[in-house]
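Please open the model in your viewer and keep the selection panel at hand for a short tour.

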2 protein chains.
Amino acid sequence: MENIKMPESETLNELSDFFKIMGDGTRLKLLWALETGELCVGDLAALLNMTKSAVSHQLKVLKIAKLVRNRKCGKNVYYALNDHHVKLILEKALEHICE
Amino acid sequence: MENIKMPESETLNELSDFFKIMGDGTRLKLLWALETGELCVGDLAALLNMTKSAVSHQLKVLKIAKLVRNRKCGKNVYYALNDHHVKLILEKALEHICE
DNA sequence: ATTATAATTGAACAACTGTTCAATTGTCAA
DNA sequence: TTGACAATTGAACAGTTGTTCAATTATAAT
């Protein structure tokens with residue numbers, strides 16, 4: 001057991017930060033919804049039955065994590081997935097759950 | 001956007017619970033270390049430079065989540081990975097980080 | 001029996017997280 | 001410019017989380 005070498009602590013932090021972000025039902029729902037295409041904040045709020053404020057706060061978290069990007073169009077702001085890996089990870093995790 | 005159907009909320013909870021567990025540096029290190037084979041609590045504590053108590057608490061979380069199993073042998077308790085999917089998910093997540 | 005080592009437990013504490021609320025910014029239409 | 005709508009922001013709050021500490025259980029050796 002002496003010679004086990006841990007990965008770079010920076011890598012490890014990035015990994016756990018990533019999982020931390022995925023570890024929230026609201027954010028998972030947002031990502032799931034955006035899988036189908038871009039949606040504006042109001043639509044997402046209606047879909048999840050939450051306030052626009054709460055949704056906006058979480059979208060900000062997802063954006064900082066570079067999991068989504070946004071585009072302004074008139075009064076609306078449209079959000080879309082920004083990473084093709086997320087779908088793969090969700091699928092792997094689902095496999096894990098469903099056994 | 002009207003007809004987006006969310007996954008079963010139970011499935012979603014299981015998913016976010018799983019990610020929540022992965023979203024902690026200590027637990028990630030424990031899983032990483034156990035990738036190489038089974039280790040007892042004291043070894044893990046020394047490896048991560050933490051108290052046995054803290055490690056034991058986190059191992060309990062991992063055990064309840066069925067990510068590890070344990071086996072008693074004399075005064076020691078040996079822990080081992082209990083799920084072959086975890087490694088795959090870690091790899092996918094690493095791919096995501098490293099780009 | 002006694003002592004020493006390994007591990008677990010539960011309470012307590014500080015740190016962090018997600019939602020709410022009220023206020024604010026930005027954009028369009030009248 | 002005024003009013004209405006979309007979205008963002010920051011402070012505040014309750015709820016959750018991870019580690020520490022002290023006490024306890026369990027096993028092995030003397």
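The stops below go from one helix to the interface between the chains.

This is a predicted model, in which local features need pLDDT of at least 70, side-chain atom pairs count only at pLDDT 80 or more, and totals for chains, interfaces and linings use all residues. Residues are numbered from 1 along each chain as its sequence is written, chains are lettered from A and ligands numbered from 1 in the order in which they are written, and side-chain values use heavy atoms, with hydrogens and water left out.

Select residues 85-97 of chain A, helix α5, whose 13 residues reach 18 Å from the first C-alpha to the last, close to the 18 Å expected at 1.5 Å a residue. Helices here are DSSP runs of H or I, at least four residues, numbered from the N terminus.

Next, show the side chains of the buried residues of α5(A) (under 20% relative accessible area, 1.4 Å probe, protein chains only), among them Ile89(A), Leu90(A), Ala93(A) and Leu94(A). The buried residues of this helix pack against α1 (9-22) and α2 (25-34) of chain A, together with α1 (9-22) and α5 (85-97) of chain B.

Now select the whole contact (heavy atoms within 4.5 Å), which takes 41 residues from chain B and 41 residues from chain A. The area buried between the two chains, that is, the accessible area (1.4 Å probe) lost on putting them together, summed over both, is about 3900 Å², of which carbon and sulfur atoms give 81%. On the side of chain B that touches chain A, α1, α2 (25-34), α3 (41-48) and α5 each supply at least two residues, and α5(B) gives the largest share, 10 residues.

How values were computed
Expected span 1.5 Å × (residues − 1). Buried < 20%, exposed > 50% of the residue type's maximum accessible area, 1.4 Å probe, protein only.
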